[in-house]
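Colleague: Could you take me closely through one part of this model, the nonpolar patch on its surface, and then set it beside the interior?

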Amino acid sequence: MKNHIILVFILISTLGIGQNIRGKITSKNGDAIPFANIYIKNTKLGTTSTEDGSYQLNYSLNGSYTLVVSSIGFKTKTFPLVLNGNNLTRNVVLEDDNTLDEIVVSGTLRPVSKTASPVPVEVYSKTFFKKNPTPSVFESLQNVNGIRPQLNCNVCNTGDIHINGLEGPYTFVLIDGMPIVSGLSTVYGLTGIPQALIERVEVVKGPASTLYGSEAVGGIINIITKKPTNAPKLSTDVFASSWGEVNTDIGLRYQISEKAEGLLGVNYFNFQNRVDNNNDNFTDLTLQNRISIFNKINFKRKSNKVFTIAGRYVYEDRWGGELDWERKFRGSNIVYGESIYTNRWETFGTYQLPTTENINFQFSANGHYQDSFYGTDAYDATQLIGFAQLVYDTKINATQDLLVGLAYRYTYYDDNTFATLDETGTFNQPSKIHLPGIFIQDEISISDRKKLLLGVRWDYNSVHGNIVSPRINYKWSSRDKSNIFRISAGNGFRVANVFTEDHAALTGARKVEFDGNLDPETSWNANINFVKKINTANSFITLDASAFYTYFNNRILPDYETDPNKIIYANLEGFSVSKGVSLNADILFTNGLAINAGATLMDVSVTENNIKRRQLLTESFSGVWSVSYRFAKDFTIDYTGNLYGPMRLPLLGPKDDRAEFSPWFSIQNIQLTKKFTNSWEIYGGVKNLLNFTPAANSISRPFDPFDEQVDPNDPDALTFDPSYVYASNQGIRAFLGVRFTLF
């Protein structure tokens, strides 16, 4: 009897041990995938594959379940399971996942997976921007770590994009890789782009002058539009806010012929509500009426070579000022207003030559016309830019990719200011700049896990002469690509054009002066980047940390402090440094919760005459977050926000009673989205939940905008000044929108 009991015990124990699922995890080419996650959904049972890809998962369950297999860089697979005490074998083949490891082009000018790129590139999809819908890409970027949309004027609300504390003119904005937004359009370039057509936005932080030339000192923002072949037949997105803003985005795919397919996009934004919640008799938000039309055509060729051409037209009428301003007061000293009419056209495209080699011809052209009044001061400007580039991309051998480019850029600029007068100050002399250049990039695969990128660019500026920009990048990754280390160093340069880039020089009562000729700015940059990917049984985590350092010579900064009645522009007689660290965290849980959070700590300083001071309008800390949760029945909640530390602000002198530093402030938003079908969804929520707005006295002397009561004998007398601005005056508001998509 005793022997029978022992035999039964051994049999039961053997059955318990034998209840398992086993197999091997491989890629499509048969390679073993180590450290893959294998787990049974809605249980605590899970394991990982060994170095040869094999796994064994013991269980003691009964019933129907789902087996989930995932690994970094591969598509997750699920399998139905019926567990009844039997041993099961599940060999799994995982496919590469280009949605987790996006294809990027901004870092090296060639399509490459984000993981394989030796240059760190951040990618933000259209889904990211839907979490906080805005009427412009400019505002959408407020939730990207290390990027801050900066308003430059309390009245006209024009602005630019800061990357890691560097001013907007250091940020190069591209559309489909073409340099469309620059110079005169810097303050308007990110408005009016139909967001229904945006596929993703790529961000490269740090100098990219080796590939993109002047203006790419601080980094680049590359807006990638959808391909007509991948776009929906129709997409519409309309929302309105309780302040009276109305924004409409429409995207339409159409067939021209068997060999040509087009994508049409229209954006219309209207705001005509005169709001003055801070009671300074000035509009809190600029009134705007804007329309943008975008059209992109792809041509099918027998060789399957690329041929695409696109164009955009933007018209905008915006004004801000005293509440009783009317159009009849434009340019007068009766009622103060800042009125800006903008007409802008753009065209760009890519044609891949019909050769056996990979040679692309890229081109762009744009014209920007501005008719504006800042009080009584007229500013009329015309800018024409033509750009052409020939890029040859070839693989020298199994480990070496060579990219060679020839570029030419022509810029014509004319306005009615002293910036375009001849040396005598008598005759108008428009600026005409020719900028031919050549760049070479060599990407060397030292091994499967190590890459070295070497590059250099030479440009000849017809005004400033030769400019050389080198770069070096190195990337190392662990065997399973869960750890990636990058280090880079490079040089950047920029030729400044004050009036086209900084409208603070036009607004208000301050006079603008140039101290000497403005020489090109140069910078040297170093960046260290580390990415860590962690997969657990119920989450996917990506940590992205960076340390950056940029040193400037000849930097051109507006001097608000030497003379309170002037803005003085000159090359810095010293140096400027931007340095800091940043951390991004992306966490995706299998239960529907997604968290994206980031923080940047930085020190941006200017040293002149051995005196170091913080740069104006630059925060030392910023943080962003986006928390989303998807409930059952296609219901989603999004909570987004940002946090900024104090910034040093431009005061008018010892009599200015405004605070020298801005307070800590946070803009937070919440949104609810309900998806009814694959075509219809409705969304709504509240923006600026904390109702934060700057102090009511942000505009100096709003009661006397023409300085009629200022004592001319007092050098420290305060004047009308709207340049003291660090955040929007737009407070809390509700919004409601609807999207319709026809596939």
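Modeller: What follows begins with the surface patch and then turns to the interior.

This is a predicted model, in which local features need pLDDT of at least 70 and side-chain atom pairs count only at pLDDT 80 or more, while totals for chains, interfaces and linings use all residues. Residues are numbered from 1 along each chain as its sequence is written, and side-chain values use heavy atoms, with hydrogens and water left out. The mean pLDDT of the chain (the predictor's confidence in each residue, from 0 to 100) is 86, and 91% of the residues reach 70 or more. Over residues 5–17, however, the pLDDT is below 50, and this stretch has 1 contact in the model beyond near neighbours in sequence, a contact being heavy atoms within 4.5 Å.

The nonpolar surface patch covers about 720 Å² and is made by Phe 361, Leu 390, Leu 406, Ile 438, Ile 440, Val 456, Trp 458, Tyr 460 and Val 468. Such patches are made of residues with over 30% relative accessible area and no salt bridge, where like charges are joined within 9 Å and nonpolar side chains (Val, Leu, Ile, Met, Phe, Trp, Tyr) within 5 Å. Accessible areas come from the Shrake-Rupley method with a 1.4 Å probe, and for residues only the protein chains shown count as cover; a salt bridge is a side-chain nitrogen of Lys or Arg within 4 Å of a carboxyl oxygen of Asp or Glu. Strand 27 (431–447) and strand 28 (450–461) each supply at least two residues of the patch, and strand 28 gives the largest share, 3 residues; helices (H or I, at least four residues) and strands (E, at least two) are DSSP runs, numbered from the N terminus. Val 456 lies in strand 28 and is partly exposed, because its relative accessible area is 37%, where buried means under 20%, exposed over 50% and partly exposed in between (1.4 Å probe, protein chains only).

In the interior, the largest nonpolar core has 30 residues, and Val 201 is among those with the most contacts inside it; such a core is a set of buried Ala, Val, Leu, Ile, Met, Phe, Trp, Tyr and Cys residues joined through side-chain atoms within 4.5 Å. Strand 16 gives the most to this core, with 3 residues. Leaving out residues up to four places away in sequence, Val 201 touches Glu 122, Val 123, Tyr 124, Phe 129, Ile 221, Asn 222 and Ile 223.
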